[in-house]
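Reader: I'm new to this one. Could you walk me through how to read it?

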Amino acid sequence: MTVTSPQPRATIAAPAPATAPAASPSPAPSPRTLRAVRAVRTGGWQEFTEAVRQAGQYPTRAEAERVTRIVLSALGGHVTGDERVALAQALPPEAAGLIAAQIPAATPLTARRFVDSVAARIEGSTPATARWDVSSVLGVLAETVGEPLTTRLLTQLPPGYALLFGRAELARYNLVAPD
């Protein structure tokens, strides 16, 4: 009998995207972005939009700020109750104002419809670019407010939002045995 020992897997770097940032399904935070997120916790609106700029690879902070305003305004209508208050308290005042200024929606949108609603607010946007924009902003938001509040927000929103916040979503299984 021949015994072989397991060999380490070779890691191959992913090729650089040849198209606009929308080609990737969700932006991954770089160490530079994570430093910017840490600065948001002690800073304000400029640090928040700079973190979004880095996460979304936007060419200017003005573009990142425009996208951030649109996404936070859209999110503000879908977060209610104690989570809405906690979210506003955890964000810079200008971001908190965008959340708080929205009238709560009668029924929350599915994640897909949420992205479509953001796409409708951004001139020239497609569902793919809007998903990139939403993921860029909500990923920074999740890093900024922390794990416990992000979890509370996700329990309030319909399934599918976890990926927009930069999290994998586990399928929910009914573990009760059939009668």
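Author: Let's go from the whole chain to one helix pair and then to two residues. Keep in mind that this is a predicted model.

Reader: Fine. How many helices and strands does the protein chain have?

Author: There are 9 helices and 0 strands in the protein chain. Reading from the N terminus, the order is simply α-α-α-α-α-α-α-α-α.

Reader: And what share of the residues in the protein chain is buried?

Author: Of the 179 residues, 40% are buried. As for the outside, the accessible surface of the protein chain is about 10,700 Å², and carbon and sulfur atoms account for 57% of that. You can also look at who touches whom: among contacts with a separation of 6 or more, 65% link residues 24 or more positions apart.

Reader: Now the helix pair. What do I look at when two helices pack?

Author: Two packed helices are described by the angle between their axes and by the distance between those axes. Try it on helix α2 (residues 45-56) and helix α7 (residues 127-145): the angle is about 130°, and the axes are 9 Å apart.

Reader: Why are α2 and α7 called oblique to each other?

Author: Angles over 145 degrees count as roughly antiparallel and 65 to 115 as roughly perpendicular. The angle of α2 and α7 is about 130°, so the two are oblique to each other. The crossing of α2 past α7 is right-handed.

Reader: Which residues make the contact between them?

Author: From α2 come Phe48, Ala51, Val52, Ala55 and Gly56, and from α7 come Trp132, Ser136, Val137, Val140, Leu141 and Thr144. Sorted by class, that contact of α2 with α7 holds 8 nonpolar and 3 polar residues, with no charged ones.

Reader: Now for the single residues. Is Thr150 buried or exposed?

Author: The cut-off for buried is under 20% relative accessible area. Thr150 has 1%, so Thr150 is buried. You'll find Thr150 in helix α8. Not counting residues up to four places away in sequence, Thr150 touches Ala142, Val145, Phe165 and Arg167.

Reader: What about Leu154: where is its place?

Author: Leu154 sits in helix α8 (residues 147-156). With a relative accessible area of 11%, Leu154 is buried. If you set aside neighbours within four places in sequence, Leu154 is in contact with Tyr161, Ala162, Phe165 and Arg167.

Reader: How far apart are the C-alpha atoms of Leu154 and Phe165?

Author: They are separated by 8.7 Å, and the two residues are 11 residues apart along the chain. Phe165 is a handy one to pick out, since you've met Phe165 among the contacts of Thr150 and of Leu154.

Technical notes
Residues numbered from 1 in each chain as written. Predicted model: local features only at pLDDT ≥ 70, side-chain atom pairs only at ≥ 80, totals over all residues. Heavy atoms only, no water. Axes fitted to C-alpha atoms, helices over the stretch in contact; angles between N-to-C directions. Helix = DSSP H or I, 4+ residues; strand = E, 2+ residues; numbered from the N terminus. Parallel < 35°, antiparallel > 145°, perpendicular 65-115°, else oblique. Left-handed = near helix turned anticlockwise from the far one by under 90°. Contact = heavy atoms within 4.5 Å. Nonpolar A, V, L, I, M, F, W, Y, C, P; charged D, E, K, R; others polar. Buried < 20%, exposed > 50% of the residue type's maximum accessible area, 1.4 Å probe, protein only. Areas by Shrake-Rupley, 256 points an atom, 1.4 Å probe, with all protein chains shown as cover.
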